[in-house]
Amino acid sequence: MRNRSFVRGAFILTIANVVDRGIGFVFRIILSNLLGSEGIGIYQIALPIYFVSITFITSGITAVTSRFISEERAKGNKKNIFSIMEVSFFIVIVMGLLISGLIFFNAKYIANNLLHEPRAYISILIFSPVLIIVSSSSIFKGFFQGLINMVPASISEIVEQIVRVSLTLYLFSLFTGIRLEYAVAIAVFGIAIGEVTSFLMYIFFYRYEIHYLDREIPDNGNRWNKLSIANTIFRASFPITFSRMIVNILDLFESLIIPSRLIISGLTHKQAISEYGKLSGMAYPLAYMPAVITMSLSVTVLPAVSEAASLNKWDAVRLRINQAIGYTTMVAFPAIILFLTIPDQIASLLYPGSPGVGALVKVIAGGSIFAYLESIVTSILNGLGKQNIVLKNSIIWTVISIIAMYVLIPLSGLRLFGYVYGFIFADTFVFILNMRELIKITGLTIDYINWLIKPLISAVTMGIVVMIMYFNLSAVGLNQWISMLFTVFIGLVLYLAINYIIKLPYVEELKKMILLKN
């Protein structure tokens, strides 16, 4: 059977995500400047409905489909793989039709009475039918993840992003000077067409993958009847869906509650929408840039751990966990240090018309390591079938975050910073709870030296050099963009070089993989 390793899959998905998110990040900057902070605020208020709906329909079933397909692949049960696909498709299409119809026919009520932003109405009308397409794509995604084939998702996401950005910018060039709600609707329409393109790409890759299954996977073991599959999928996916729904519901609560709590703190409605736009549309995407890679690790580690655990290969389980956490900290620390040393300079370059973003980025980045690690550990626990543990701890996370939202934002001395402190504390606390459970289940040993000490030493050294170099280059009058890009590039090269010298194992693994030596 063709070797499809967890690390190689994560590497392929990461490269695609870097390209995808790189395009998306540049586009987000352009969009932020086109719409302004108020327009981005409307955009961010409308989208949580879309994301909550997608999460409700797909998140649990995608993860469970990936997990069960990886287990059946390991056992050599080809027909069960196709049965899982058929049942999963039926479930998500039915749910997609129901949720899409519910939102479409109640779009005006949602915009006026739930979001308290009538200008979001057109955007809601546009994205609601797309939920059916996204639901179907999610099953294809779970199928390929279960087979540890990250190429289809990688290419589909890049093509989707190119189509989305190209179409949106083209429409903006045609309709200049339009009202703000129509400009936001154009941005949402671009997302919709991108999703349709992605779905068509998945169909193309699925037809090819069938030949792989026929050629390389036998058909052994017991048959799994479809009613039993449906029952198992519902039982296994419910805790995952609910725990991820909690996160997306909190995003929805943010769009509903944060502006109103900011008004209580003394801001006008327009100021509150603008401040919320800075947090959700500018500071979050910038501070959480390393999530491009950590999300790839989360996606690929779930089927990899599930596959090894199904065969009782616990040494392999521990190895994959070690790799996932090690790569996460190796990627996260240099970004965190960079945002702690020159956050205002980075934010002012990217968002020149939105002062104050840098201060938010600095605080968010300071606690972001726990968000990255919590995401990885959550995915591993789901892969090990411990969804109920994840659900319980997700509820704790949500309670802490909502308390911070209600209590701290109205304080004029804290406002958004109070909420940021609250969810950083929630991330930290829940990561500790999940990590404790993971150690208990797997017997994992914490590798302090390779997970923390080595990458942190390299990142701090990089940060000192970056800060000195950037301010010296700026002092002699060099263009700020050139100073920033050159400084960051030298800093990252230095970071990798130091890690290579002090023998951080993950750097050596990457070198071998790039040179096709493993």
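**Entry 1: Leu-279 and the core**

I started at Leu-279 in this predicted model, and I listed its contacts (heavy atoms within 4.5 Å), leaving out residues up to four places away in sequence: Leu-279 touches Ile-258, Tyr-284, Leu-360, Ile-364, Leu-416, Tyr-419 and Val-420. I then looked up the largest nonpolar core, a nonpolar core being a set of buried Ala, Val, Leu, Ile, Met, Phe, Trp, Tyr and Cys residues joined through side-chain atoms within 4.5 Å. For burial I used relative accessible area, with buried meaning under 20%, exposed over 50% and partly exposed in between (1.4 Å probe, protein chains only). This core has 151 residues, and those touching the most other members are Tyr-50, Phe-143, Ile-258, Leu-279, Leu-286, Tyr-419 and Leu-438. Helix α1 gives the most to this core, with 20 residues; helices here are DSSP runs (H or I, at least four residues), as strands are (E, at least two), numbered from the N terminus.

For my own record, residues are numbered from 1 along each chain as its sequence is written, and side-chain values use heavy atoms, with hydrogens and water left out. Since the model is predicted, local features need pLDDT of at least 70 and side-chain atom pairs count only at pLDDT 80 or more, while totals for chains, interfaces and linings use all residues.

**Entry 2: Thr-65 in α1**

I asked myself whether Thr-65 is buried or exposed. Thr-65 is buried, with a relative accessible area of 0%, and its place is in helix α1. Not counting residues up to four places away in sequence, I found that Thr-65 touches Ile-84, Ser-88, Ile-139, Gly-142 and Phe-143; Phe-143 is also one of the residues named above for touching the most other members of the core.

**Entry 3: salt bridges**

I counted a salt bridge where a side-chain nitrogen of Lys or Arg lies within 4 Å of a carboxyl oxygen of Asp or Glu, and the structure holds 8 of them. Side chains of opposite charge can pair when their charged atoms come close.

In helix α1 (residues 6-75), Arg-67 and Glu-71 lie 4 residues apart, about one turn of the helix, and their side chains meet at 3.3 Å, N to O. Arg-67 counts as buried because its relative accessibility is 15%, and Glu-71 counts as buried at 14%.

In helix α11 (residues 314-341), Arg-318 and Asp-315 lie 3 residues apart, again noted as about one turn of the helix, and the salt bridge between their side chains has an N to O distance of 2.7 Å. Arg-318 is partly exposed at 26%, whereas Asp-315 is exposed, with a relative accessible area of 59%. I also noted that salt bridges sharing partners join Glu-38, Glu-117 and Arg-119 into one network. Within that network, the side chains of Arg-119 and Glu-117 meet at 2.8 Å, N to O; Glu-117 counts as buried at 3% relative accessibility, and Arg-119 is partly exposed at 22%.

**Entry 4: α11 against α13**

I looked up how α11 packs on helix α13 (residues 357-366), and the angle is about 145 degrees with the axes 8 Å apart. The axes are lines fitted to C-alpha atoms, for helices over the stretch in contact, and angles run from 0 to 180 degrees between N-to-C directions. The crossing is left-handed, that is, the near helix is turned anticlockwise from the far one by less than a right angle, clockwise being right-handed. The contact is made by Ile-336, Phe-339 and Leu-340 of α11 and by Val-361, Lys-362, Ala-365 and Gly-366 of α13. These residues divide into 5 nonpolar, 1 polar and 1 charged, where Ala, Val, Leu, Ile, Met, Phe, Trp, Tyr, Cys and Pro count as nonpolar, Asp, Glu, Lys and Arg as charged, and the others, Gly among them, as polar.

**Entry 5: Ala-309**

I found Ala-309 in helix α10 (residues 291-310), and it is buried, with a relative accessible area of 16%. Ala-309 touches Trp-314, Val-317 and Leu-384, not counting residues up to four places away in sequence. Ala-309 and Thr-442 are 133 residues apart in sequence and 9.7 Å apart in space, C-alpha to C-alpha.

**Entry 6: positive phi in two loops**

Arg-415, in the loop between α15 (387-408) and α16 (416-442), has a phi near 50 degrees, a positive value in a residue other than glycine, and Arg-415 is partly exposed at 25%. Lys-503, in the loop between α18 (480-501) and α19 (505-514), has a phi near 65 degrees, likewise positive in a residue other than glycine, and Lys-503 counts as exposed at 66% relative accessibility.
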